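Let's take a walk through this one together, going from the overall layout to the ligand and then to a couple of backbone details. Have the viewer open and follow along.

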Amino acid sequence: MQPFLTEYCKLYNMATQEETFKKLVAHCKEYGFVFPSSEIYDGLGAVYDYGQNGVELKNNIKRYWWDSMTLLHENIVGIDAAIFMHPTTWKASGHVDAFNDPLIDNRDSKKRYRADVLIEEQLAKIEDKINKEVEKAAKRFGDSFDETMFRQTNPRVMEHQEHWNQLHERYSKAMNASDLAELKQIILDEEIVCPISGTRNWTDVRQFNLMFQTEMGSTADGAMKIYLRPETAQGIFVNYLNVQKTGRMKIPFGIAQIGKAFRNEIVARQFVFRMREFEQMEMQFFIKPGTEMEWFKHWKEFRLKWHKALGLGDEKYRYHDHEKLAHYANAATDIEFLMPFGFKEVEGIHSRTNFDLSQHAKYSGKKIEYFDPELNESYTPYVIETSIGVDRMFLSIMCAAYKEEQLEGGETRVVLQLPAVLAPVKVCVMPLVKKDGLPEKAREIMDMLKFDFKTTYDEKDSIGKRYRRQDAIGTPFCITIDHDTLNDNCVTVRYRDTMAQDRVKIEDLHELIAKAVDMKQLYRKLMA
Ligand code: ATP
């Protein structure tokens with residue numbers, strides 16, 4: 001148990017956060033960010049569509065990632081591999097045999113759960129109990145409160161902590177050994193009940209492969225079983241030789257890719273956090289064996305810098321180093337973001353050794369190596385992977401940006417304080433009234449700006465209502481054209497976050513907006 005949890009409780013009141021999260025989900029739908037997939041048919045479990053504003057935000061996130069890889073690093077190039085791959089790919093990568101989650105069913109509710117998640121939730125409940133004790137004591141003792149001392153001496157906290165430690169150890173052991181019987185026994189011993197039926201009538205724990213399968217080919221006889229890729233990484237590995245040779249790449253070098261991935265998640269929930277179809281941004285960095293810890297450290301730091309550069313709040317990120325390593329990794333960490341439902345993984349950084357390239361060499365019978373001219377020898381490169389989910393990134397940004405503000409006069413405004421560089425719409429141009437040549441002037445200004453910035457036009461309702469509409473989608477600048485504009489060539493610029501207004505010359509608008517929304521400012525931070 002860590003002292004930061006008290007900080008966390010102070011930062012976020014969980015109950016309110018849950019409410020806010022519900023509101024955020026509703027907001028995403030109401031303002032064209034995210035819709036349930038095929039909603040007219042009641043939707044499809046854990047599949048979502050991005051709407052007109054969502055896709056712009058998502059594209060901006062992707063651009064920030066892509067450019068920070070391929071523009072800022074002369075030794076990183078991109079590819080776009082197909083989703084369908086030869087099925088042997090997934091045998092070689094280990095996904096056919098080992099890409100499983102342990103599932104368990106409740107016989108009464110007929111609901112299916114991930115056994116590991118049930119146990120992790122139990123651990124979280126114990127943590128919660130400890131946090132409540134700590135919070136209560138912090139209130140009671142005020143400034144003189146010594147949290148570390150309290151945790152080490154309070155009998156109730158110590159009892160909970162002991163329970164947590166024992167459970168955690170037992171659970172880690174069972175997961176590492178893939179001991180399914182033990183996982184079930186833990187669930188029974190902890191008296192974990194199904195949240196729907198409230199009973200402990202559990203089936204045995206079974207492994208469930210997360211890959212979607214389909215068939216390629218027209219006849220049943222000649223058809224080949226293929227998979228929808230569960231990660232984009234393998235498209236990079238099988239193209240390693242192609243890119244290295246045609247791009248005359250010298251180690252160390254990286255290959256970046258953005259694309260869809262599919263996982264038949266057993267329990268898919270928390271909106272776009274865990275979906276069955278999602279998008280990944282992955283970069284595999286090929287290095288000399290023996291240098292992997294140095295590069296692992298480098299990418300761990302660079303990736304956190306990338307997140308923090310957006311200014312969502314440094315305290316909302318933390319690393320989570322893996323205790324249980326995947327079969328291919330010799331070091332792994334997650335970058336977690338403080339979502340309303342706790343710190344959650346947004347990105348993984350893995351030192352994948354030479355596992356993937358060696359496996360593909362073995363299964364394809366091809367030599368997949370690098371001739372190092374400096375060493376005058378060939379070797380199978382090692383790999384550091386950075387893997388981030390576009391949708392989780394999208395969610396973390398939306399969670400940080402969504403604000404309900406109490407204004408003077410009792411009014412509330414909902415504002416998305418998105419980083420201006422990522423905002424779906426940068427500028428809204430508004431004529432004060434729909435006559436007297438103001439719409440024409442507004443259109444003129446819009447035409448001047450629209451090649452460089454995503455610009456929208458609004459002439460309906462009062463200016464106040466129009467501002468609110470733009471606040472709700474996170475537009476950083478509103479420009480109002482009034483009667484004076486026709487004489488003095490100045491407009492009113494209203495800023496989203498402060499709601500302050502400035503009179504600005506039309507000729508200065510471009511520079512003002514460019515300064516705030518230019519991604520170069522982020523790139524400079526990354527290179528500093
Ligand atoms: P989790 O433990 O949450 O299932 P993971 O460790 O399996 O995630 P990775 O295989 O490391 O995830 O995938 C890299 C990234 O892809 C994750 O950090 C996450 O951002 C994203 N991702 C993985 N699974 C999903 C999903 N079902 N929905 C949305 N994004 C996902």
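Into which domains is the chain divided? Before answering, keep in mind that this is a predicted model. There's domain 1, which is made of two stretches, 28-84 and 228-407, then domain 2 at 101-199, and domain 3 at 425-527.

Start with how domain 1 and domain 2 sit relative to each other. Measured out over C-alpha atoms, their centres are 30 Å apart. At the contact itself, 7 residues from domain 1 meet 12 residues from domain 2. Between them the two domains bury about 690 Å², and carbon and sulfur atoms account for 55% of that. If you want to find the spot on the domain 1 side, pick out Ile266, Val267 and Lys324: these lose the most area to domain 2, and together they make up 66% of what domain 1 buries there.

Now for the ligand. Its shell consists of 15 residues, with Glu265, Arg274, Met275, Glu345 and Val346 as the closest. By character, the shell splits into 6 charged, 5 polar and 4 nonpolar residues. Which strands should you trace to see where the shell comes from? At least two shell residues come from each of strand E10 (277-287), strand E13 (342-353) and strand E16 (382-389). E13 is the biggest contributor, giving 5 residues.

Zoom in on the polar contacts next. The side chain of Glu345 has an N or O atom 2.6 Å from a ligand oxygen. Arg263 also reaches a ligand oxygen through its side chain, with a polar atom at 2.9 Å. Phe273 does things through its backbone instead: one of its backbone N or O atoms is 3.3 Å from a nitrogen of the ligand. As for how covered the ligand is, on its own it would expose 590 Å², and the protein buries 84% of that.

Finally, two backbone details are worth a look. The first is at Pro252, where the peptide bond from Ile251 is cis, with omega near 5°. You'll find Pro252 in the loop that links helix H11 (240-246) to strand E9 (253-262). The other is Phe271, whose phi is near 60°, a positive value in a residue that isn't glycine. Phe271 belongs to the loop between E9 and E10.

Definitions and conventions
Residues numbered from 1 in each chain as written. Predicted model: local features only at pLDDT ≥ 70, side-chain atom pairs only at ≥ 80, totals over all residues. Heavy atoms only, no water. Near = heavy atom within 4 Å. Polar contact = N/O pair within 3.5 Å; in protein donor to acceptor, adjacent residues only side chain to side chain. Areas by Shrake-Rupley, 256 points an atom, 1.4 Å probe, with all protein chains shown as cover. Helix = DSSP H or I, 4+ residues; strand = E, 2+ residues; numbered from the N terminus. Nonpolar A, V, L, I, M, F, W, Y, C, P; charged D, E, K, R; others polar. Domains from an automatic or database assignment. Contact = heavy atoms within 4.5 Å. Buried area = accessible area lost by both parts, 1.4 Å probe.
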